[in-house]
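Got your viewer open? Let's take a short tour, one selection at a time.

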Amino acid sequence: MHMCKICYMYAYTIATTINIYRYICMHVEILYIEKRYREGKTVKKIMVLTRAGKGRGGNDDDDEDYLNSTFASRYVREPIPKWRMPEETIPKEAAYQFIHDELMLDGTPRLNLASFVTTWMEPECDKLIMASVNKNYVDMDEYPVTTEIQNRCVNMIAHLFNAPAGDEEAAVGVGTVGSSEAIMLAGLAFKRKWQQKRKAEGKPIDKPNIVTGANVQVCWEKFARYFEVELKEVKLKEGYYVMDPEKAVEMVDENTICVAAILGSTLNGEFEDVKKVNELLTKKNKETGWDTPIHVDAASGGFIAPFLYPDLEWDFRLPLVKSINVSGHKYGLVYAGVGWVVWRSKEDLPEDLIFHINYLGSDQPTFTLNFSKGSSQIVAQYYQFIRLGVKGYKNIMENCTATAKVLRNKLEETEKFDIVSKDIGVPVVAFSLKDSSKYTVFNIADSLRRFGWIVPAYTMPADAEHISVIRVVIREDFSRGLVERLVSDILKVVKELDDLPIPSLTPINTDTVIKKKTHRQIEEEVTQHWKRFVKGKKNRVC
């Protein structure tokens, strides 16, 4: 037994000596590589992982311009530049690993409660998406079935919105990359119709305008700026966060190309009173001789109202509604990248806005802002239409609304929040703090991030800027269990903020500059730490 102990100690000493030797060799190699890099010379040896971020000149300031290799170092020996194309190719496994590792730092889509955009679809639909991702939607002659599928979707949506087209009559509409493009196209049609009429009457066409509420999505501001149209916004007020129909119609003049009403406000999900706008505008048109039309921005509510509120009149049942846009990638239940715009009739879409091309094989009409785009989202939309049908969509929207009600009730039970969203509308829960003297909704939204939740906090638009809210969007994949967890985390955050002294919430001094440590300084600190640790372990039994 005594000899075994001696052998063991001897073997342990040899192993320890070998490990120390390997460490010294590795450290020497690091220093050698550093020296050769500083001299601008190429080193044909595998880069040590912890040094892979070094710039080619060995300058610590260059680290942020290169991607570290980590697991990809099995295939890549040199760092990859971030801001310019690398000179050499790299293995496909390494390229995948680089990108995969960076994307890990993104938020979790299903916990992103800021977005209306769909984050889950069935595996069968995922397969169809991958099968059609290489088809260019604009090549109608090469992919006639895809074109036919788009036309079927347009007709389904038009009938859903009660367009006056007959069963055998083709509806007028087009698929887009989202509601922003759809709104641009609808706005251009209104502007051109207005210009044509004004020219025929010998009147100027240099001051077109659109009347909207201040709660419109930013795409309306983009349209106004890009296409030189004045945006006349109806201001909001506390407790009323949508466009007031009476104030809107009062702002209409002979240069108004349309009144834009929103079915599902981005701010709190509320439906605007399109029927009231139609009534007031009809009366004003009769008095003035104008024929100012209405566009309905149903990006969020277009796939909700027909299933949950079929008696609500907001669509083509109202005579002045000439066009409607809707987002397929919101409550149309398709991944991001598809929207739709439909017109009441062919007369509402000026023919001179439609282009005809034949260099893809046959005469093809096109009315879009872009040209090439993938077909996968169009196919996915058609899948959802025939897979779910009216009953399926109705069930999903009812479930979303019920989940929103559960969240609303639980937040009200805390007695900490005021609910600013409405019962009828998009399944959204928007709420503000009853008391913002100690902390704000922005503090709550920021603190929830550490639990993985992404929730937006924002101020209301003009004349209601003093109101700050948090908004939670309820999508199909947001379960009751997640509601329980969200409320629990909100209460944790609120308790922590309640316990903080008020001075701790004072703004950070932005003049204070925190100097970034170099790799050498970090290594020295780590080395000193381990030296202290080893010294403390001497003469002790581990």
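Before you click, one bit of vocabulary: a crossing is left-handed if the near helix is turned anticlockwise from the far one by less than a right angle, and right-handed if clockwise. What you're looking at is a predicted model, where local features need pLDDT of at least 70, side-chain atom pairs count only at pLDDT 80 or more, and totals for chains, interfaces and linings use all residues. Residues are numbered from 1 along each chain as its sequence is written, and side-chain values use heavy atoms, with hydrogens and water left out.

**Stop 1: the whole chain.** Switch on the cartoon view. The protein chain has 13 helices and 15 strands (DSSP runs numbered from the N terminus: H or I with at least four residues for helices, E with at least two for strands). Of its 542 residues, 45% count as buried (buried is under 20% relative accessible area, exposed over 50%, partly exposed in between, with a 1.4 Å probe and protein chains only).

**Stop 2: two helices.** Select residues 123-132, helix H3, and residues 376-413, helix H10. Their axes come within 8 Å and cross at roughly 150 degrees (axes are lines fitted to C-alpha atoms, for helices over the stretch in contact, and angles run from 0 to 180 degrees between N-to-C directions). That makes H3 roughly antiparallel to H10, a label for angles over 145 degrees. Here's where the vocabulary pays off: H3 passes H10 in a right-handed crossing. Now show side chains: Glu124, Cys125, Leu128, Ile129 and Ser132 in H3 meet Ser376, Val379, Ala380 and Tyr383 in H10 (contact means heavy atoms within 4.5 Å).

**Stop 3: ring pairs.** How many aromatic pairs does the structure hold? There are ten (rings of Phe, Tyr and Trp, using its six-membered ring, with centres within 6.5 Å; planes under 30 degrees apart are stacked, over 60 edge-to-face, the rest tilted). Try phenylalanine 161 and tryptophan 314, an edge-to-face pair at 5.1 Å centre to centre with 70 degrees between the planes. This pair links parts of the chain 153 residues apart. Phenylalanine 161 counts as buried because its relative accessibility is 0%; tryptophan 314, at 1%, counts as buried too.

Next, pick phenylalanine 385 and tyrosine 393, a tilted pair at 6.1 Å and 55 degrees. Both are buried. Add Phe303 and Phe307, and you have a cluster linked by ring pairs with Phe385 and Tyr393.

**Last stop: charges over rings.** Select lysine 330, which lies over the face of phenylalanine 116, 5.4 Å from the ring centre (NZ of Lys or CZ of Arg must be within 6 Å of the ring centre and within 35 degrees of the ring normal). Then find lysine 237 over the face of tyrosine 240, at 5.8 Å from the ring centre.

Notes: Angles under 35 degrees count as roughly parallel, over 145 as roughly antiparallel, 65 to 115 as roughly perpendicular and the rest as oblique.
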